[in-house]
Amino acid sequence: MIEKIDLKKVEKQTYRFTFSDGLYDMAYGCLLIFIAIAPILREILYPSYIIFLILPAPLILILGKIYITIPRVGIVKFNLNRTKSKNKIRLLIAILFPITVVMVVLTTIGIYNIKVGGYIVPVGAGLFALIFLSFIAYIIDYPHFYLYAISIGLGIPLAELLNPIFGVPLDYIISFGISGTIILIYGIITLIKFIKKYPTPKEEISSVKG
Amino acid sequence: MSKGKNNIIDDIYTPNSIDKLIHEPARLNIMTRLYVVESADFLFMMRQTGLTFGNLSAHMSKLEEAGYIDIIKEFVGKKPHTMLKLTEKGRRAFDDYRKKMKQFFNEL
C-alpha cells in the first residue's frame with residue numbers, strides 16, 4: 001500500500017487541483033477576446049480602451065478565487081519551492097504582462113511607427129509572447145499555459161498575415177477572437193462543473209475546532 | 001524458538017511495529033495530503049480526502065492529540081480561519097512509517 005504512495009504525484013495532484021476551477025482559462029480567454037476587439041474598442045474608447053485589455057483577466061482571477069473557489073474548496077499553502085516559483089512569476093507577470101499587452105496592441109495597430117518592414121515586428125512579438133508564456137507554463141507547472149502561449153504566439157503574426165485579406169478589425173477577430181472564445185467557453189464549462197461538484201458547504205467550517 | 005530465529009524475526013518490521021495511528025487509511029490519507037503542502041484549511045482537507053465533516057474532525061483530533069498536526073487559528077479578512085499543518089513530529093512519524101512499510105514489503 002505505502003510503497004505505491006508517490007508523494008511527488010500527490011503534491012502535483014494537489015497543486016493542479018487549485019487550477020480545476022477554470023478561472024485561468026476564463027481570464028485568458030477574456031484577455032484574447034479583448035485583444036480581438038481592441039481595434040473596435042480603440043475607435044470608441046481611445047485611449048482608455050487599454051484598461052479593458054489589462055483589467056478583466058486579473059479581476060476574473062482575484063474575484064473568482066475570493067467569491068467562488070475559496071468558499072468551495074478552501075485554502076492551501078504550498079511548500080517553499082512552489083511559493084518561491086509563484087512569487088517569481090507574479091513579479092514577472094506584474095512587470096511584463098501590461099507592457100507586453102500594450103506593446104503588442106500598439107505595435108500591431110500601428111501607433112508605434114517602427115521602421116521595420118514586413119513581418120519582422122509581428123513575428124518577433126509573437127515569438128516573445130510564445131517564449132514568455134511557455135516560460136511561465138514551465139515554472140508554474142500548468143500545461144494550459146503552453147496552449148495560451150501558442151494561441152497568442154501564432155495569433156500576432158496571423159493577424160498581420162490576414163490584414164491584407166480581411167482588413168481591420170476582422171484580422172484581429174479571426175486571429176484572437178476564435179481561440180479566445182474557445183478558451184473562454186472551456187473555462188466557463190470547467191467552472192460550472194467545478195461549482196456543481198463542489199457546492200458551498202452548509203457547515204460553518206472556516207473556524208472549526210480541531 | 002532459538003536465538004538465531006529471534007534475531008531474524010526482530011530484524012523484520014512486522015505490522016505490529018508500525019504506527020497504527022498513521023496506518024488507519026483515513027488518517028494515512030490526511031497525513032499524506034498534509035505532508036506535501038505547507039498547510040491547508042479544514043475545507044480543503046475535506047475536499048482532498050473525501051471525508052465528511054464529522055469524520056475528518058474526529059481523525060484530526062486524534063492526530064492533534066498525538067502531536068502530529070498543528071491547528072493554527074488565523075484571520076482571512078475579518079473571518080477567523082483554521083489552518084492545519086503537519087508538525088515536525090508528524091513529519092518524522094510519517095517518514096518513519098513510510099520507511100518501515102517499505103522495509104516490511106521488501107522483506108516479504
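**Residue environments, cores and the contact between chains A and B**

With 16 C-beta neighbours inside 10 Å, A:Ser134 counts as partly exposed in this predicted model. The residue lies in helix α7 of chain A. When neighbours within four places in sequence are left aside, A:Ser134 is in contact with A:Tyr146 and A:Ala149. By contrast with these contacts, the C-alpha atoms of A:Ser134 and A:Ile165 are separated by 30 Å, the two residues being 31 apart along the chain.

The loop between α7 and α8 of chain A contains A:Asp141. This residue has a positive phi of about 60° although it is not a glycine. Most residues other than glycine have a negative phi. A:Asp141 counts as partly exposed, because 14 C-beta neighbours are found inside 10 Å.

The largest nonpolar core comprises 34 residues, of which A:Ala27, A:Tyr28, A:Leu32 and A:Ile35 touch the most other members. Two or more residues of this core come from each of α2 (23–36), α3 (38–45), α5 (56–73), α6 (80–109), α7 (120–140), α8 (144–166) and α9 (170–197) of chain A. The greatest contribution is that of α2(A), with eleven residues. Beyond neighbours within four places in sequence, A:Ala27 is in contact with A:Ala57, A:Ile60 and A:Leu61. A second core, separate from this one, holds 25 residues, including B:Leu34, B:Phe42, B:Phe44 and B:Leu56.

Chain B has six helices and three strands, arranged along the sequence in the pattern α-α-α-β-α-α-β-β-α. Of the 108 residues in chain B, 31% are buried. Among contacts in chain B between residues at least 6 apart in sequence, those joining residues at least 24 apart account for 53%.

The mean pLDDT of chain B is 83, with 84% of its residues reaching 70 or more. Within chain B, confidence is lowest in helix α1 (residues 3–11), where the mean is 51, and highest in α3(B), at 93. The model as a whole scores ipTM 0.77 and pTM 0.78.

The contact between the chains takes 28 residues from chain B and 22 residues from chain A. On the side of chain B that touches chain A, two or more residues are given by each of α3 (25–35), β1 (39–41), α4 (42–49), α5 (53–65), β3 (79–86) and α6 (88–106) of chain B. By class, this side of chain B has 13 nonpolar, seven polar and eight charged residues.

Strand pairing also joins the two chains. Strand β1 (residues 76–77) of chain A pairs with β1(B) in the antiparallel sense over two bridges, and A:Lys77 stands opposite B:Ser39 in β1(B). These strands belong to an open sheet of four strands in the order β1(A)-β1(B)-β3(B)-β2(B), with antiparallel pairing. The edges of the sheet are occupied by β1 of chain A and β2 (69–76) of chain B; each has a single partner strand, so one side of each is left without a neighbour in the sheet.

Helix α4(B) is largely enclosed by the rest of the structure, because six of its eight residues are buried. The buried residues of α4(B) are B:Phe42, B:Leu43, B:Phe44, B:Met45, B:Met46 and B:Gln48. Just after this helix, B:Gly50 takes a positive phi of about 75°.

Within helix α4 of chain B, B:Phe44 is buried, with 23 other C-beta atoms within 10 Å. Residues up to four places away in sequence not being counted, B:Phe44 touches A:Val73, A:Gly74, A:Ile75 and A:Val76. B:Phe44 is also a member of the second core, together with residues including B:Leu34 and B:Leu56. The C-alpha atoms of B:Phe44 and B:Arg33 are separated by 9.9 Å, with the two residues eleven apart along the chain.

Technical notes:
Residues numbered from 1 in each chain as written. Chains lettered and ligands numbered in written order. Predicted model: local features only at pLDDT ≥ 70, side-chain atom pairs only at ≥ 80, totals over all residues. Core = buried A, V, L, I, M, F, W, Y, C linked by C-beta atoms within 7 Å. Buried ≥ 20, exposed ≤ 12 C-beta atoms within 10 Å, placed from the backbone. Contact = placed C-beta atoms within 7 Å. Nonpolar A, V, L, I, M, F, W, Y, C, P; charged D, E, K, R; others polar. Pairing = 2+ DSSP bridges. pLDDT = per-residue confidence, 0-100.
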